[in-house]
Structures are given as structure tokens and as C-alpha cells.
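Hi there,

Here is the structure I promised to pass on. Have a look at it first, and my notes follow underneath.

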Amino acid sequence: MTPTHLGQTSKLPTSPEEAVLDYVPNPRPDRLYLVRFAVPEFTSLCPVTAQPDFAHLVIDYAPAATIVESKSLKLFLGSFRNHQAFHEDCTVGIGERLFGEMQPKWLRIGGYWYPRGGIPIDVFWQSGAPPEGLWLPSQDVPGYRGRG
């Protein structure tokens with residue numbers, strides 16, 4: 001579990017498939033707690049027009065044995081800048097990859113996408129029911145009204 005990015009100079013991966021996510025031991029594996037990553041400037045490309053799409057992502061998870069290293073997560077998410085995919089594919093794919101590799105007790109992701117064709121699209125995915133006793137704060141991203 002030696003991180004490949006932490007303390008190193010790292011280039012932005014050219015695709016999500018190329019990106020390497022690093023995981024480190026959970027410093028409190030005996031505790032039930034929530035980790036949140038807010039990503040207010042996520043970008044990808046429309047698979048039809050290749051125009052940029054923008055979203056505010058909120059990733060919540062309850063760690064088990066490992067936690068995701070934040071620099072590797074930033075590089076992974078940045079690799080979507082040149083990736084063409086629908087909102088649903090990006091949001092669910094990010095959640096599934098993190099859940100599959102890290103194997104947390106629970107994970108959810110909210111993708112709050114800015115309008116495309118005049119319609120904002122919000123996409124949500126979670127790994128299952130949250131563990132009993134886990135505090136779940138609201139994601140606090142308002143419905144589109146000039147989101148920001």
C-alpha cells in the first residue's frame with residue numbers, strides 16, 4: 001500500500017482507466033465515521049458534442065480497512081476532463097470504482113450537473129443501505145438556480 005502519488009510529482013492521467021487510485025490504511029478502523037469529498041469543479045466531455053460538462057460532486061463513504069489518498073483521487077477525477085461520457089456514466093462509474101477498489105463499509109456519490117440543453121441532471125448512487133449509527137449529513141447542494 002505504498003502511495004504512488006503522495007510526495008511525488010504526478011502528471012494528470014489522460015483517462016480514468018489510466019488513473020491509479022492509492023489507498024492507505026485507515027487510522028481508525030475500529031470507528032464508524034464518514035469521510036466527505038466535495039468536488040465543486042468537476043468536468044467531463046459530452047459524448048455527442050465533445051463540449052465540456054460541469055458538475056458539483058459529493059462523495060461520502062464510511063471507511064473499512066483503507067481510505068483513499070486525496071491526491072490520487074484528485075488526479076483520477078481530473079482525468080475526466082478529456083473523457084467523453086454521459087453524466088450517469090461518470091457519476092455511477094466513479095462511485096463503483098471507489099467502492100470496488102477501496103471496499104468501504106458504505107459509499108454514496110451525488111453528481112449535481114449543471115444544465116445541458118436547459119435541463120440540470122442530478123445523478124445519485126450508493127452501495128446499499130448505510131450502516132446503522134452512521135451520521136449522514138445532507139449533501140447541501142441546492143437544486144439548480146445558478147448553482148454555485
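**What turned up**

T66 lies in strand β4, which covers residues 66-68. Please keep in mind that this is a predicted model. With a relative accessibility of 10%, T66 counts as buried, because buried means under 20%. The side chain of T66 also comes to 3.3 Å from the backbone oxygen of M102.

Now to the rings, which may interest you more. Searching the whole structure gives six aromatic pairs. One of them joins F42 and F80: the ring centres are 5.4 Å apart and the planes sit at 50 degrees, so this pair is tilted. F42 belongs to strand β2 (residues 35-45), while F80 is in the loop between α1 (70-78) and α2 (87-102), so the pair ties together parts that are 38 residues apart in sequence. Both partners are buried: F42 has a relative accessible area of 2%, and F80 has a relative accessibility of 5%.

Another pair is Y112 with F124, where the centres are again 5.4 Å apart but the planes are at 80 degrees, so it counts as edge-to-face. This contact links distant parts of the chain, with Y112 in strand β5 (residues 106-113) and F124 in strand β6 (residues 122-126), 12 residues apart. Are these two rings buried or exposed? Y112 counts as buried at 8% relative accessibility, whereas F124 counts as exposed at 52%, because the cut-off for exposed is over 50%.

Finally, there is a cluster to look at: F42, F76, F80 and W113 are linked by ring pairs.

Best wishes

Notes:
Residues are numbered from 1 along each chain as its sequence is written. This is a predicted model: local features need pLDDT of at least 70, side-chain atom pairs count only at pLDDT 80 or more; totals for chains, interfaces and linings use all residues. Side-chain values use heavy atoms; hydrogens and water are left out. Helices (H or I, at least four residues) and strands (E, at least two) are DSSP runs, numbered from the N terminus. Buried means under 20% relative accessible area, exposed over 50%, partly exposed in between (1.4 Å probe, protein chains only). A polar contact is a pair of N or O atoms within 3.5 Å; within protein, one must be able to donate a hydrogen and the other to accept it, and residues adjacent in sequence count only if both atoms are side-chain atoms. Rings of Phe, Tyr and Trp (its six-membered ring) pair if their centres lie within 6.5 Å; planes under 30 degrees apart count as stacked, over 60 as edge-to-face and the rest as tilted.
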